[in-house]
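Hi,

Here is the structure I promised to pass on. Have a look at it first, and then read my notes below.

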Amino acid sequence: MNAVVEFVNVLASKPDAVSGYKSFTLGSFTFCRDEYFAHVSWTTRSGKPMSHTLDAGNFLRALMRDVAWGFFYGWVNFDAVIGTVNRYESVDLYAGSYNGTMKEAEIDLLENFPTAQIRATFEQMLDDWTNEGFDPFAAPQETGSAHGRKRGNNTAKVTRARELAKRCVGLKGDLAMRSDTSGAPINRAFADVPQEAPELHPEPGFENDVHAFNLFAFLSRSQVTWNPSFTSVVKYSFMCPTTEEHILPIIHGNDRVEWFFQMCDEIHWDCGDKNTGKPLARVIMKAGDMAAMPAYCRHQGFSPKRSMLLVWENGSPTLAYEIQNGKSPEIPVQF
Ligand SMILES: [Fe+2]
């Protein structure tokens with residue numbers, strides 16, 4: 001077997017004498033952090049120095065998703081200023097390019113990087129800037145503070161590996177996640193979720209082929225928020241049930257239609273124009289509601305209590321280009 005090893009040179013400074021954190025350079029962008037903030041600096045198209053500041057915890061929560069999701073579909077806005085666009089073989093990193101006001105003032109910058117380079121930089125920044133006791137994937141009430149001078153690390157939590165099941169979860173040889181349903185504690189917000197397993201009556205000889213499990217029980221034990229806890233993949237149809245609490249740490253900009261099914265409790269969505277951030281809609285989703293996010297929007301969810309959300313993605317590798325060319329619609333249905 002030939003292992004493919006990517007050698008990527010990450011430009012990192014020595015740790016700062018006071019804060020203890022390293023600074024990172026990616027093209028014309030510089031990232032540094034202090035006790036409270038992440039600072040991003042760049043030079044504008046007209047040669048002026050610009051900078052942007054984010055709360056360190058919010059920055060790390062967003063960075064965690066961008067890394068773990070492999071830059072996801074379309075736009076991962078860390079906030080109204082900085083973010084990434086997945087070009088699927090490369091990634092755009094921008095500051096202000098999708099902020100209508102900054103774009104108009106020509107103080108924005110966008111640079112494209114090979115995926116391996118930006119991934120290696122982001123992974124090292126995430127590891128260096130995450131202190132022991134802070135888990136960027138956890139809900140704010142379930143983890144410690146991101147703030148302060150550098151102390152230790154939390155490498156195990158920021159490098160959680162995706163577990164792949166080869167068969168239906170619970171069937172012999174599935175390899176994955178059984179520990180989540182059998183061993184992990186039920187989250188405090190889901191204490192009332194029934195844990196019964198479905199009855200199974202396979203014909204003799206099919207005991208190893210027929211299976212079912214309680215998805216709600218599975219999700220009630222999810223340790224992370226705003227991250228697909230379980231994904232079923234049938235051709236390009238990706239069903240991603242997740243548990244959500246507090247604020248989606250990124251503002252997701254769509255390059256395709258994305259469906260939401262609110263399985264319990266509620267999430268409030270702020271939807272805006274993908275290119276400028278101009279507000280478009282508020283969507284209050286309660287248990288049982290379904291919504292589709294059009295390909296021209298960006299959206300950020302607020303979940304007052306931990307809730308269950310099913311996200312349905314069309315993973316077709318050609319879809320984003322079909323929409324760009326007008327061959328596929330930006331909206332799910334035309335009445
Ligand atoms: Fe989304």
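**Where the two domains meet**

Let's start with the charged pairs: 2 salt bridges are found across the interface of domain 1 and domain 2. Keep in mind as you read that this is a predicted model.

Now for a bit of orientation. The domain assignment splits the protein chain into domain 1, residues 11-158, and domain 2, which is made of 178-199 + 209-324. If you take the C-alpha centres of the two domains, they sit 24 Å apart.

How many residues of domain 1 are in contact with domain 2? The count is 25 from domain 1, and they touch 29 residues of domain 2. Together the two domains bury about 2200 Å², with 52% of that on carbon and sulfur atoms. Three residues are worth finding on your screen: Tyr73, Trp75 and Asn77 provide 28% of the area that domain 1 buries against domain 2, and no other three residues give more.

Back to the polar side of things. There are 15 residue pairs in polar contact across the interface of domain 1 and domain 2, counting pairs with both residues at pLDDT 80 or more. On the domain 1 side that touches domain 2, the elements giving two or more residues are α1 (56-68) and β6 (75-77). What kinds of residues make up that side of domain 1? They divide into 14 nonpolar, 6 polar and 5 charged.

One more thing to look up: the side chains of Glu142 and Arg306 form a salt bridge, at 3.4 Å from N to O. Glu142 falls within the 11-158 range of domain 1, and Arg306 within the 209-324 part of domain 2.

Cheers

Key: Residues are numbered from 1 along each chain as its sequence is written. This is a predicted model: local features need pLDDT of at least 70, side-chain atom pairs count only at pLDDT 80 or more; totals for chains, interfaces and linings use all residues. Side-chain values use heavy atoms; hydrogens and water are left out. Domain bounds come from an automatic or database domain assignment. Contact means heavy atoms within 4.5 Å. Buried area is the accessible area (1.4 Å probe) that two parts lose on being put together, summed over both. A salt bridge is a side-chain nitrogen of Lys or Arg within 4 Å of a carboxyl oxygen of Asp or Glu. A polar contact is a pair of N or O atoms within 3.5 Å; within protein, one must be able to donate a hydrogen and the other to accept it, and residues adjacent in sequence count only if both atoms are side-chain atoms. Helices (H or I, at least four residues) and strands (E, at least two) are DSSP runs, numbered from the N terminus. Ala, Val, Leu, Ile, Met, Phe, Trp, Tyr, Cys and Pro count as nonpolar, Asp, Glu, Lys and Arg as charged, and the others, Gly among them, as polar.
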